[in-house]
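Hi everyone, thanks for making time today. I'd like to walk you through one protein chain, so have a look at it while I talk.

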Amino acid sequence: MLSRIADLLVPAFGRLSVTTDPGTELAPGSIIAANHTSLADPAVVLAALHRLGVEPVIMATAGLWRVPVLGRALVREGHILVHRGDRRAAAALDLAAEALERGRHLLIYAEGGLPRRKDASEAAPAASAAAWPGSPSTPAPPSCRWGRPVPGASPPAAS
């Protein structure tokens, strides 16, 4: 439901183009690691994945479960609550591994949340992306999201 809603709402705010290599399919049980530099990122990523026929399980901060309508939707759809900075955080990895074993796609934000910088679009990816909840053989297809550059900001340098 959240993916469908995102796919309906995102075009009201801008154009969304989704491109893939011909014949590309996300294997069941894949991890999708997206960057998180704005509050719009989750909606944009969900809308793009919905257009590819993917409705992932999302690992998200526990605070979102306290938002009345959103919290109920997250529970109903089986998304994974992450208690960041808490001993209960490890339970989220167990739930993520179970979702992957069941063949669900898993959406994670490698940074673990929004960077605490005004120029967040230039923030480097966090090392936490290497802490996959799956096995070493879990597919993690390359993905990226790029929006309109901030006036006066330079795009990230190619590595």
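I'll start with the overall layout, then go through the sheet, the helices, the salt bridges and one patch on the surface.

One thing up front: this is a predicted model. So please take everything I say as a description of that prediction.

Let's begin with the layout. The protein has four helices and four strands, and along the sequence they follow the pattern α-β-α-β-α-β-α-β. There are 159 residues, and 32% of them count as buried. If you take the contacts with a separation of 6 or more, 70% of them come from residues 24 or more positions apart. As for the outside, the protein exposes about 10400 Å², with carbon and sulfur atoms supplying 59% of that area.

Now the sheet. In what order do the four strands line up? They form an open sheet, ordered β1-β4-β2-β3, and the pairing is parallel. That leaves β1 (31–34) and β3 (80–82) as the edge strands, each pairing on one side only. On average, neighbouring strands of this sheet are turned by 25° against each other, ignoring direction.

Let me stay with β4 for a moment. Strand β4 covers residues 106–109, and four bridges join it to β1, the two running parallel. One spot to find on your screens is Ala-34, which stands opposite Tyr-109 in β4. With β2, strand β4 pairs over two bridges, again in the parallel sense. There, Val-57 has Leu-106 in β4 as its bridge partner.

And where do the β4 side chains go? Leu-106 and Ile-108 point one way, Leu-107 and Tyr-109 point the other way, and all are buried.

On to the helices that pack here. Helix α2, residues 41–51, lies across β1, β2 (57–61) and β4, and runs at about 155° to β4. Helix α4, residues 89–101, also packs on the sheet, touching β1, β2, β3 and β4. The direction of α4 makes about 160° with that of β3.

Next, salt bridges. How many does the structure hold? There are two. In one, the side chains of Arg-51 and Asp-7 meet, at 2.8 Å from N to O. This pair links distant parts of the chain: Arg-51 sits in helix α2 and Asp-7 in helix α1 (residues 2–9), 44 residues apart. Is Asp-7 buried or exposed? Asp-7 counts as buried, because its relative accessibility is 17% and the cut-off for buried is under 20%. Its partner Arg-51 is partly exposed, with a relative accessible area of 38%.

The other salt bridge joins Arg-88 and Asp-86, whose closest N and O atoms are 3.1 Å apart. Here Arg-88 is partly exposed at 42% relative accessible area, and Asp-86 is partly exposed too, at 28%.

Last stop, the surface. Which residues form the nonpolar patch? They are Met-1, Ile-5, Leu-9 and Phe-13, and together they have about 420 Å² of accessible area. Phe-13 lies in the loop between α1 and β1. With a relative accessibility of 75%, Phe-13 counts as exposed.

If you take one picture home, make it this one: an open parallel sheet in the order β1-β4-β2-β3, with α2 lying across β1, β2 and β4 and α4 touching β1, β2, β3 and β4. Thanks for listening!

Technical notes
Residues numbered from 1 in each chain as written. Predicted model: local features only at pLDDT ≥ 70, side-chain atom pairs only at ≥ 80, totals over all residues. Heavy atoms only, no water. Buried < 20%, exposed > 50% of the residue type's maximum accessible area, 1.4 Å probe, protein only. Contact = heavy atoms within 4.5 Å. Areas by Shrake-Rupley, 256 points an atom, 1.4 Å probe, with all protein chains shown as cover. Pairing = 2+ DSSP bridges. Axes fitted to C-alpha atoms, helices over the stretch in contact; angles between N-to-C directions. Salt bridge = Lys/Arg side-chain N within 4 Å of Asp/Glu carboxyl O. Patch = residues over 30% accessible without salt bridge, like charges linked within 9 Å, V, L, I, M, F, W, Y side chains within 5 Å.
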